[in-house]
Amino acid sequence: MSVAQLRIGVACFSTFGGSGVIASEIGMSMARRGHRVAFLSDKPPARLDLSCPNISFHAVATLNYPVSAQSSYVLALAAEMIDVAQKERLDLLHIHYAVPHAIGAYLARQVLGAAAPKVLITLHGTDVTRIGADPKLSSLTRFAVLAGDSITAPSGWLAEQAYRNLGLPRETSIEVIPNFVDTHRFCPSRSEVTSAERILTHVSNFRPLKRIEDVVRIFARIRSEMPARLHLVGDGPERPRVEELVHSLGLADNVKFFGEGADVAEILRCSDVFLLPSETESFGLGALEAMACGVPVVASNVGGLPEVVQDGETGFLVPVGNVEEMARQVRRLLTDRDLHARMSRAARSRAETHFQLEPAVDRYQAAYRRAISARASSSTR
Ligand code: GMT
């Protein structure tokens, strides 16, 4: 390798969700480039391949002492950051999702002093739009974010929300590095799908803001007009309510719950339309993965989704909660073969031209080097 090796720590959630996917993919790509990457989380995120050379995993284990009624993840995280930073001689910590990871990084840096790694914080979504908007938590979040050295966001929309919700000074630099997809793994099916049944798909962590009931109600309208199946991938707090709705609408035989262990790329490439009717979405990584598989998206017209899905070109964007209109656009796609083929090609092409993995990782690598060399020059001042 001709470039100097970096030693990077990555703190992220292990839960089913886009931030863990993005953290894993950047880390694995950096490791393939010869850098050393140490992941810190409660357990390995699903898409992290621990057999990759140069990758290590460090479990954050909360300790329960009898004297303390509550165990604290942030203390355990900071303690693990200190330990890993010293043992691995980390140059930089990449924080995914501000709370609690940026707070852990702040504590670790206070303890490590001059030897502390630099900190790059990637904001992802509800760390800004929900936690950042919570009056009790916004000042703590702002403090921890501003204590980092560099900030990135996956969409221009989320960067703007960070200025507003967290009250970041306008001179604070937030680099927009759009999320990305591995277009080799997420690719269209080679064979023409001949099934008479149309397949609608939704992938998420089943939280209320995903509005999965809308997904089911859209599907119910389509199913009443043509043979169709709904594939639901992921898991989370809304699942019991969604299962109940599916049963009450008499759709149990037509809806499949795949849970978290499924091969998302395989399910997407067998789909006709991807549904994402969320209340808010900073980016919508699931929509991008569907597009890479040549699957048009019908989603709500919110947040960063218009930066991913081009309305009328790679799918349709509809106001939140307008189930009737979403069902109408799905119907158009399922009944007009030319429209579907055109949007499918445009979706794949947009993923390939705008959201490739390696160019995005180039940008993160450059951001790492800038942050690290800023330390070198400021510490020699
Ligand atoms: O912010 C969250 O609620 C969780 C997070 C996740 O881990 O899935 O999702 C956010 O980050 C993803 C990766 O950057 C984005 O694709 C999602 O749009 C975003 N979710 C929301 O903004 C609700």
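Strand 1 (7–11) and strand 2 (36–41) run parallel to each other and are joined by five bridges, where two strands count as paired if DSSP finds at least two bridges between them. Strands here, like helices, are DSSP runs numbered from the N terminus: E with at least two residues for strands, H or I with at least four residues for helices. One rung of this ladder links Val10 to its bridge partner Phe39 in strand 2. Before we go on, a word on the source: this is a predicted model, in which local features need pLDDT of at least 70 and side-chain atom pairs count only at pLDDT 80 or more, while totals for chains, interfaces and linings use all residues. Residues are numbered from 1 along each chain as its sequence is written, and side-chain values use heavy atoms, with hydrogens and water left out.

The connection between these two strands is worth following by eye. Strand 1, helix 1 (residues 18–32) and strand 2 form a right-handed β-α-β unit; right-handed means that, with the strands pointing away from the viewer, the path from the first strand over the helix to the second runs clockwise. Strand 2 is mostly covered, with five of its six residues buried, that is, under 20% relative accessible area (exposed is over 50%, partly exposed in between, with a 1.4 Å probe and protein chains only). Strand 2 also pairs with strand 3, again in the parallel sense and over five bridges, and there Val37 stands opposite Ile55.

Now step back to the whole sheet. Seven strands make up an open, parallel sheet in the order 3-2-1-4-5-6-7. Its edges are strand 3 and strand 7 (174–176), each of which pairs on one side only. On average, neighbouring strands are turned by 25° against each other, direction ignored; such angles run from 0 to 180 degrees between N-to-C directions, with axes fitted as lines to C-alpha atoms, for helices over the stretch in contact. Further along the sheet, strand 5 (residues 118–122) and strand 6 (residues 150–153) pair in the parallel sense over three bridges, and the partner of Leu120 in strand 6 is Ser150.

Two helices that pack on this sheet deserve a look. Helix 2 touches strand 1, strand 2, strand 3 and strand 4, and its direction makes about 165° with that of strand 2; touching, or contact, means heavy atoms within 4.5 Å. Helix 3 touches strand 1, strand 4 and strand 5, at about 155° to the direction of strand 4.

Helix 2 (residues 73–88) has 16 residues and reaches 21 Å from its first C-alpha to its last, close to the expected 22 Å; the expected span is 1.5 Å times one less than the number of residues. Its buried residues are Ala76, Leu77, Ala78, Glu80, Met81, Ile82, Val84, Ala85 and Glu88, and besides the four strands they pack against helix 3 (98–112). Just after helix 2, Arg89 takes a positive phi of about 50°.

Helix 3 is largely enclosed by the rest of the structure, because eleven of its 15 residues are buried. Among them are Val99, His101, Ile103 and Arg109. Their cover includes helix 2, helix 4 (126–129) and helix 5 (138–146). Helix 3 is followed by Gly113, whose phi is positive, near 60°.

The domain assignment, which comes from an automatic or database source, gives domain 1 (7–180 + 356–379) and domain 2 (198–354). Their centres, taken over C-alpha atoms, are separated by 30 Å. The contact takes 19 residues from domain 1 and 23 residues from domain 2.

In the second domain, start at Asn205, in the loop between strand 8 (198–203) and helix 7 (212–223). Asn205 is buried, with a relative accessible area of 17%, and touches Phe16, Lys210, Asp235, Gly236 and Pro237, not counting residues up to four places away in sequence. The C-alpha atoms of Asn205 and Gly234 are separated by 5.4 Å, although the two are 29 residues apart along the chain.

Finally, look at strand 12 (residues 297–300). Both its faces are covered: Val297 and Ala299 are buried on one side, Val298 and Ser300 on the other. Strand 11 (residues 273–276) runs parallel to strand 12 and is joined to it by three bridges, with helix 10 (residues 285–292) completing a right-handed β-α-β unit. Val298 is the bridge partner of Leu275, and in strand 13 its partner is Phe316.
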